[in-house]
Each structure stands twice: as C-alpha cells, then as structure tokens.
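Okay, thanks for making time, everyone. I'll put the model up, and then we can walk through a few of the packing details together.

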Amino acid sequence: MPRNKIIGAVEIGSSKISVLVGEIEGGRELNIIGSAEATSVGVKKGEIVDLSAVSRCTHATLIAAEKKAGVQVDEIFLSASGQHLEGFTNIGTVNVQDADNWVSEHDLRCAGQSARQKALPQGRCYLVHIRGAAYADGREVENPVGMQAAKLELKYWNVHANERRITDMIHIISGYDDGLSVEEIIPASVASGRIAASDEERRAGALVVDIGEGTTDFVLYRKGHIVRTGVIPVGGGHLTNDLSIGLRINFKQAERLKLRDGKAVIERGDKDSHVLLEGDLQIGDRPIPRLAIAKILNARVAEIFSIMKNRLGSAISPQAVPGGVILTGGTSSLPGIDEVGRDVLGVDTRVGTHPAWVTRKDLRDPGYATTLGLLFFGLQGQSLGERERKAEAPRAGLLRRLFK
Amino acid sequence: MTSKRKVSRGRSSSWREIQQKNRRARTPASRRRAYVILARAGMVAAGLAVGLGGVGYGAYFIWQQSGQVSPFDREQAVTRIVFDSDGVLNGQWFARHSPVPVGTDIFKLDIHAMKREVEALGQVREASVSVELPGTLHVRVREHVPVLRVFVRGEEGERRTLLVARDGSVYEGALYPSETLRRLPGLTGVRLVRDGDGFRPLEGIETVADLIDLARDITPHIAADWRWIDLSRYRNEPAAPGNAIVIHGRHIERTVLHPTHFVLQLERLDGVVRNARERAQTGIAHIDLSYADRAIVRFRNENRPQQHS
Amino acid sequence: MAEATRDWQENPLRVKIIGVGGAGGNAVDRLRMSGPGPLELAVVNTDFKTLDASPLTEKVMIGKTVTGGLSTGGEAELGRQAAEADRTELARLVEGVDLVFILAGLGRGTGSGAAPVLAEVAAQAGALVVAFVNLPFSREGQRRMRQAEDALVAMREACACVVSLPNDLIVQQAEGDPTLLEALAIADDWIRRGVQAIHSMILENGLINVDFATLREALQYRGGKAVFGFGEGAGDGFVEAALRDLERCPLLHLPDNRFLRKTDGLILNIRGGPDMPLSDVYRIMDFIGDRFGCKENTVLGATVDGSFQGRVQITVIGTVDVSGARRHPYRVPAAARPRPVTPPLRPEPPPFAPAAVANKQTSAQTDSVEGPSLAQSPHPAPWDTVTATPARRETKPTRGQAEFEFLAGEERGYFEKTEENLYEGQDLDVPTFIRKGIRIAL
C-alpha cells in the first residue's frame, strides 16, 4: 500500500488565505490534520494584485498548517477565482466507429477530446473541462457506453483563465517549495459547490452561490452535471466599502459594523433604530441609523443577485433549479441575504450547511466551503488510483468521474 | 480535426503546461522552511553517521583487543627506574630513600602505595608514579620550596635544622646548596608539634612567605638584612589586637610589622631607613610599623623612642 | 457700495480673529497663519486663569460680575450673561474691524453663550462676521448637544456665515484611534484653511481678487447654514484630483448638507501654481457652480502661489438662506441648461483682465442679480495659454442629477487602485447606492 498521501488545499482569497492539510488514508479516507488561515494581503476581487505580499502570506499560512499537521504536504490543490475566469459550453460530436453502432469507450474519448479542443485566444489557458450530459443520437443518457447509436455527443463546460494570473498562483506554490506540485486548479465555485450542495440537490438541479470577500462565485448544476460556472467580481469587501463610503467611516470600522450590525433586508423598525459605531462609549463613537446600514447593504446584495440573474438568464427559474439556490462563502452569514436572493432570483434560496462529515466545528463556517471542496477533490483523485495524466491520455478522466 | 488539434497544441492551452519549477517567488519564510528541512535531513544524516561510526569503532575495538596479549600472562621485571624532579632531588636520593629493587615484577608493584610512600618524604610535595611497559618505572616529584629555617633540638640534644615550606610543612631538607640555606631567615616563636616521624604543618607561613617575597622584590637591601622572623605575636586573624610579625635583623635589630598591607609597610620602612641614613644616624634599633599611621623608631645608643609620622 | 470709496491704501482692511471660550481661545492660539496684511488675534473668556495662560496679547475678560473670573461651568446662560454684561468691552474689541472671524467650541458655557453675543456686537459695529465653530461629540451628552444647537442657531442669526465642524466627524478623519491632539490638529487645519481662503482672497494680490464689498455681498444672508469644503490635487490631472478630493471632503457630507445641491452664495477660492492655465480655473468654477447650483452669486478668488507648481487647492464656502429672506427663483438645474461650449471671452488675448470672469458669469447667467465686481489685478496674467485647452467637459450628459456624474465615476474607496469593474457600463466597485441614487440619511 502506498504511504498516506498528504494533500494541501489552498485558497488564496480576498479576505483570507486558508489552507487545509488532509491525509488520505488508503486512498479512501480523508482526515483533516491541519488547518491555518491568515488575513490576505494583496488580493482584491479574487485577483492577485501584489504577488510578493501574497507569496509571503501564503507561505506563512502553509508553514503554519504544516506545523499543525506535523507533516509536509506532497501535493497542492488550488482554487481559482476572479473576473478573468470564463467558461463556455462545447459539444463534441463523433460518429460511432463500430459498424454495428455500439458505443465504445474510445468513442467517448474522441467525443470528449473534440469538445475540449477549442483553441483559446492568446494569453488564456484552460483550467478544467467539466463533462456534462451525453447524448446518444440526440437522446440524453447517463452512460452511453454499450448503447447503440450512430452519433455520440458530449457536452463540456470548459473553464479558462488568464494565463498570467494562473502562472502567478503556480509560482506562489513553486516558490514555497519547488518540489511541490500543483495537482489541480479548480474554480472556487466548483469546489464549494461540491460541499454546499448535496448529491440529491445537484441531481435535482441547483445553483450554489459562494459569496466571498472579493468575488461571488456561482455554479449551476443540472441533472448532477455542472452546466455553468461564473464569477462576479463583487463580494463582501464591496459591502464593507459601500458602508465605509456611505457612512463616512473608515474601512475597518465598516467591516466591524457589517459583521456586527449588518443585514441585507430593510425592516420596519430600522428607521428609528440606531446602533453605535463602536459601542465602547469612546469619544468619537456615534450612532448610526440601522436604516442607512440596511439600505446600503440591501442595494449591493440585490445587485449581486440581479447581475447573476442577468448572466444566467432563463437558466435560473424555479423549474430549472428545483434544488433551489444555496448560499455559501463568508458573506452568506449576512442576515437576510437569503431573503434578498429569493426576492431577486425568484427561486427558493437558503444558506447552505456543510455535509455531516465535516465534524470540526471551526471548519463548519461557510467560509471554508472552497477549501473543503478542494480536499474533497483531492480524495476523489486519489481513489482513482493511477492518474491518467499524459498529454495523450484524456486529461479529464479524473474530472469526468468527479462531476458525474 | 487534426489540424485543429495542432492549433490548440501550439499554445499553452491548459494550465498544466505552465512551468511549475520556479524559484523566483521564494519568500524568506519558504526559504527558512527549506533550510529547516535541509537541516533536519542533515541532522538525521549526522546522527546516522555518528551511530554507524560508533558501531564501527566498537567492532574495531573488539577486534583489536582480541589480537592483544593479556598483560597478566607473563612476568615483566623492572629494568629501569626514571626519577624526575622540579627541585634539587635526584635519582640517587630516591634510590636511597625508597629502594625499589630492580628486577621486581612490574605487575606486582603497587604504584599507589608507592606514590603514598614517596609523598611521605618531607621534601616531596606531590608525586606521581607510573609504569611504562615493558620495564620502566617513572617517578615524578614536585618539591617543596623552603622559605624559612627552623632549628630544633633532637631527643639527644643535638641541633637539627629543619626547613619550612610555604604551605607550612616542616621537613628535613636534602641536597640543597648551602648558599640557598644560608639566605633563609630563621623562624622563632612557633611551637612545633610532632606528628609521627615529622611535624605538623605550621600556620601563617604563607603570610610570612608573602612578606619575604615582597620584601625581596621591593626592598631587597632590607630583606637581605633579616635574620630571624619571630611569629610569637602573630595571630591568624588579622584584626586581633597586637597582631604582629617581628623581624630581627643584623642592622635593624627589631622590625615590627602588622601582618597585612605589607607593601605599604615596606615602603614606609624603606622611607624610614633612607631617612635615617641621610641624617647619618646610627643604626636603627627598633621600628614598629604595626600601628596604623605612625612608625615608632628607636635608634641605637639612644634610649628614647622617636616617633615618625 | 459705499465702502468702495474707501481708500484701502490709506485705510487698510482690518481683519481680526477672535477666539471665544476655552476651545475657541486654544484654536486661536494654535492658528499659526501666514498671510499678508495685518491679522489681529484676540481671545475672549470668562475664566481668568485660562485667559492668563494664553500667549496672545489682546485678551478680553468678560462677566467679572457674573462669574467672578471663573469659568461658566458649562452653563451657556452664564456665558451669555457674562457677554451681555461686558458688551462695551466687546464693542471696543471689534471697533473698526472689517472682517471678524469668530472661533468657538459650542456646547459649553462661554463658547455657546458669549460667541453669539460677540457676533451680534461685531455685526452691529459693521463688521462682516464669519464663524467657525466646533460642535461637541455626540457622546458628550444631550445637554451639550442642545446647548450647541441653540448657540448655532443664534450664531447663524448674527453672522454672515457660520461653518460648523462636528467633533464626531473630525475624529473619524484620523485613521484608527486618534489622540485628542491629532483630532485637534485636524480641526485646526480645517479652520486655518477656511480662514486663509477668505483672508487671502481679499488681501493677497492674486490672479483674481475679490474686494471686500463683493464678499459682503455674497454673504448677505444671515441665519443661513453654511457649507464649507476643500479639496486639493497634485500631479497629473490635478484639477480633477482636487475636485474629486473636494467631493470627498467630509464636511460636505455632513448629515445637514450631504445632499445639498444648492447654495445661495458661494465663495470659491482657488490657489494654484503659476503654471495653472486659466481654463482650469474656469473648469473648477463651472464644476463648483454646477455642484452647488450657484452660478450667479459665486465669488471667485484665485491666488497664485509659487509653491503650488502642479498643484491646486480649492476652498468653498457657501451659504444657504434658510430664512427665505431672499430666495432666488428656482432655476432649471445647471446641467440641463444649454451652456456655451466656449465662453465668448475665452479667446481673448492676454493679458487677462479679471473682469472677464465677471463677464463670463453674466453672459452665462442672463438673469444674474449682480456680477461681482472684481478688483483689478495689478499683474498681467501669468497664465496666457488660455486658448490652448478648451473646456473638456463639453459633453455633459443631460441626466437630471448631473452632479452625481462625477461621484459615480470616482467613489471607489478601497478599490481605488484596482481595475475598473465594469458591468453594463457601470463600475461595480462604486457603491450601488450611489449609482442608484439611493439617499442615505445619517
């Protein structure tokens, strides 16, 4: 039996950098043996704006996590976010080779290859190719292998990113330890979607929205497949900034106020109710009307959801997502945010919880959805045994199974 | 479709094609971590090396031992005795006093007993005895250095001269040149207590030795004049009243010094002596410097004491 | 304009800065102001000890009969009585002074009680009275607040212009946890800028000078609120930077006047380097006029300062006539009005005559009440590249709230230095409530 693999899940977020260290035992069991998190410096709206500052933070966090785990990490799973992430659907079509039209694994591979092959403009690179539905002669099927069809179609959701930004992230990891390899780079939405939505929800069709500090990442599932992912470069940081500008307070005060008294819905009593800025009876403290706070936050949150609604168009409706909208990410703790989501999107919206296997209390915070998701992918990847990694072999072999 | 594939291959279309080995993004923290890992590896390697070395040496030692002859297998006679001293004693003297018969089995010699035996000889302060195979016996001694002479009467009334060393031990000197002995002042005013063959060590000799050394250093002409040193008024505690060292000399009949602050007293003594000489006065009969800041000086042929301050 | 006949050479303008009460006195003490012309400093207090400690030479003790040389103990009524008792003293203090600045901390006894009396006395003596008053921390309690509010109303009655500086706001300007001294330094700086703007406008030989009568004219509405703000910009595009800075000036965002879009009288002082083109002055003036909806009664002063190379400082003091004594008829919002792209007088060759400003104003505002008469600048204009840069803002959107346009493009706060976050033509980094025009009442 190969020795237990130690994997590190790294999320370089706008508010914090979090690292989870997982030990994969016997390729099946995942133990979270270390975690660390640090306030992020040099990341805004999900993108690295100061590489050396982010490197320092990330390395310090990795060291802290390794120290807690007591072991060194062998592989890194990274999450990616930011405005530069884009995706498109592509369908790979092949004529089944077999004379009697029996669909083989080979046909499936060919279809996958053609679906993933679209050339990207200069400076872009693919992050993941996520397999969607398969169609045998236009019929949607779960697994076409062994079926009889003349034409096989495979739908893929391809996520691509700005090559420079991805290179920066890889360099942060290789700068930590050049023997350490980045095993996967997974869009944050994909990672947190895996944690926030249950299998049933994904099968039914659901939208997972991870509202972080700098970005809002969403992933749309239909029949268990990912059909869309997206990033809106607006997050909790914008809520804070809005408060800071609107209430004429500094960013730190605004952040505290948001966490303490922030809410996304305007209620009746807000007009006459005030909260103290500091609440410590210090000089300079002053009362702030709840109404002002609620108005500012409501406007922003509603806007995030309406942008999402615009982006998704008809893909978001009560019929299309019977599983509803599941909110996660740090900002999903804002009271009333689900209510706003429901109003704007017109779909049942709730704040997600982590699956039961996440037992550590501190990791049950919605802010950990992404890193937990990354670890989960690490585990899945291990259970596949020998990885098909070579350029010739279909790279998405891993993900194909993952996203089923 | 093949042409399409070529296009996509032509550029880095997947993030996996991005070069991962890159050291430019190193940070101090990551560097420190690399050092720690390296150091840990180094320590493990060093530990391993030490362990292996130890095992290897042990094996070598055992192998070597097994090749050696046991020392108890046969006899080895003492063929040579080497005596070595830092003083005046020599091999003949040693042979006379501690006869180790040449030809004794060297493995039967008790060198510890021998050492004790040699050290019991008065003039020897410290001895070391060692055996060098095949047949050599090494004896090294460090001797006492005499500072004073003391005269005693033997049981039969004969006059014996003993020597006193710095640590107070009293012994019968041997092989000293007579010139050395003549320069040593005599010691009076002490009680010698018998202890076996010899005497118990005297107290306060170290102080006297210091005084003599200082005097020879600072005022050699005065030191040369000293004949007897009388310790009858000496007490071991400096603050004791009347505590004094009395010195009898040829020119200055009596010099009384307090057993502390010798340098100061010697300088004053020197001053008084010079002063007296300049005034062409006759020899000084008595100088007492044991009072704090005055010197009581009595000149010869005069009966009244004169005070110098 | 009777005063216009006064011979200023013979009889120069007298400006006096008077601190009332403890806080006011301290503010005057700390007011290290540089500027031409005589500037008299004085302090008024009831407390002998405080007065004695002041390094100023001109000290007036009031209310000896009322407080016996002690402090008022925070009783505004005592302060008022003290000032009333020594009205003659106060009258002597302001006698013959043309422009009186009163600095006071409202909320406590002497400041709240005596400052309005002094203002009244000074106004009666014929001086133009401008006051800068600190308002207490809201933490200091309701009573203080009420005293301060009452005093503020009284001050507004007596003064041509009362600029209020809430201490709450001052403390917020310093990042983190400012010490009292830091907070005071900020307040001092604000007061200094206000005083200096008015002072230099009248007394410094600038590019565009304002005579005293004009100033008086602009500040004729008593009982009104005052808007006070300043902005500073340097480097590339310093004009825009200064305007943006002005827009962000916390004083313009006071609850009272955050959404104030219209003033009745406006003093605008521009301090720029010798390299500032005249077109920039116009641009600032246009913008400010639009921003505060007061084109017809703007007093413009522009000062050239050698040390301001590539830098500009804008100070705005506006008054709002709340009493309705002389309200202007409502006009079409500035932005909606057709505006000459190139003012007729701009191509005029140098040397630039300051009168052009007045002309330009009147030409733009056919119904102008009275074009401010500007003092003749003795210098030929140092900026003679006027024609080179025609107004850049000619493509004005016709949105109703044109003023927001500037805001909308710029209020990014924390995201200031990041890439624009465009979505359907809007920058998402700008707060939603601003882009949507949602009113936030504080």
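So, which residues of α1(A) meet α3(A)? On the α1(A) side we have A:L51, A:V54, A:S55, A:T58, A:H59 and A:L62, and they meet A:D168, A:I172, A:G175 and A:Y176 in α3(A). Split that contact by class and you get 5 nonpolar, 4 polar and 1 charged. Keep in mind as we go that this is a predicted model.

How do those two helices cross? The axes of α1(A) and α3(A) come within 10 Å, and the crossing is at roughly 50°. That falls outside the roughly parallel and roughly perpendicular ranges, which stop at under 35 degrees and start at 65, so α1(A) and α3(A) count as oblique to each other. As for the hand, α1(A) and α3(A) make a right-handed crossing.

Now look at what those helices sit on. There is an open sheet of 5 strands in chain A, with the order β3-β2-β1-β6-β11 and mixed pairing. At the edges you find β3 (29-39) and β11 (181-187) of chain A, each pairing on one side only. From one strand to the next the twist averages 20°.

Inside that sheet, take β1, residues 5-12, and β6, residues 75-80, both of chain A: they pair in the parallel sense, over 4 bridges. If you want a residue to click on, try A:I7, whose bridge partner in β6(A) is A:E75. Helix α3, residues 163-176 of chain A, packs on the sheet and touches β1, β6 and β11 of chain A, and its direction makes about 150° with that of β6(A). Helix α1, residues 51-69 of chain A, lies across β1, β2 (16-25) and β3 of chain A, and runs at about 140° to β3(A).

Next, a second helix pair in chain A. The axes of α6(A) and helix α7 (residues 251-261) of chain A come within 8 Å and cross at roughly 115°. That angle is why we call α6(A) and α7(A) roughly perpendicular to each other. This crossing, of α6(A) and α7(A), is right-handed. From α6(A), the residues A:L239, A:T240, A:N241, A:L243, A:S244 and A:L247 meet A:F251, A:A254, A:E255, A:L257 and A:K258 in α7(A). By class, this α6(A) and α7(A) contact has 6 nonpolar, 3 polar and 2 charged residues.

Stay with α6(A) for a moment, since we meet that helix again between chains. The contact of chain A with chain C takes 31 residues from chain A and 26 residues from chain C. Which elements of chain A give two or more residues there? They are α6 (236-247), β16 (287-289) and α8 (290-312), and α6(A) gives the most, with 8 residues. The chain A side of this contact divides into 15 nonpolar, 7 polar and 9 charged residues.

Last stop, chain B. Its secondary structure comes to 8 helices and 15 strands. Of the 309 residues in chain B, 23% count as buried. Among the chain B contacts with a separation of 6 or more, 51% are between residues 24 or more positions apart.

One local detail in chain B: strands β2 (residues 124-132) and β3 (residues 136-143) run antiparallel and are joined by 8 bridges. The hairpin connecting β2(B) to β3(B) goes through 3 residues. Within that pair, B:S130 stands opposite B:H138 in β3(B).

That's my tour, so over to you.

Note on methods
Residues numbered from 1 in each chain as written. Chains lettered and ligands numbered in written order. Predicted model: local features only at pLDDT ≥ 70, side-chain atom pairs only at ≥ 80, totals over all residues. Contact = placed C-beta atoms within 7 Å. Nonpolar A, V, L, I, M, F, W, Y, C, P; charged D, E, K, R; others polar. Pairing = 2+ DSSP bridges. Axes fitted to C-alpha atoms, helices over the stretch in contact; angles between N-to-C directions. Parallel < 35°, antiparallel > 145°, perpendicular 65-115°, else oblique. Left-handed = near helix turned anticlockwise from the far one by under 90°. Buried ≥ 20, exposed ≤ 12 C-beta atoms within 10 Å, placed from the backbone.
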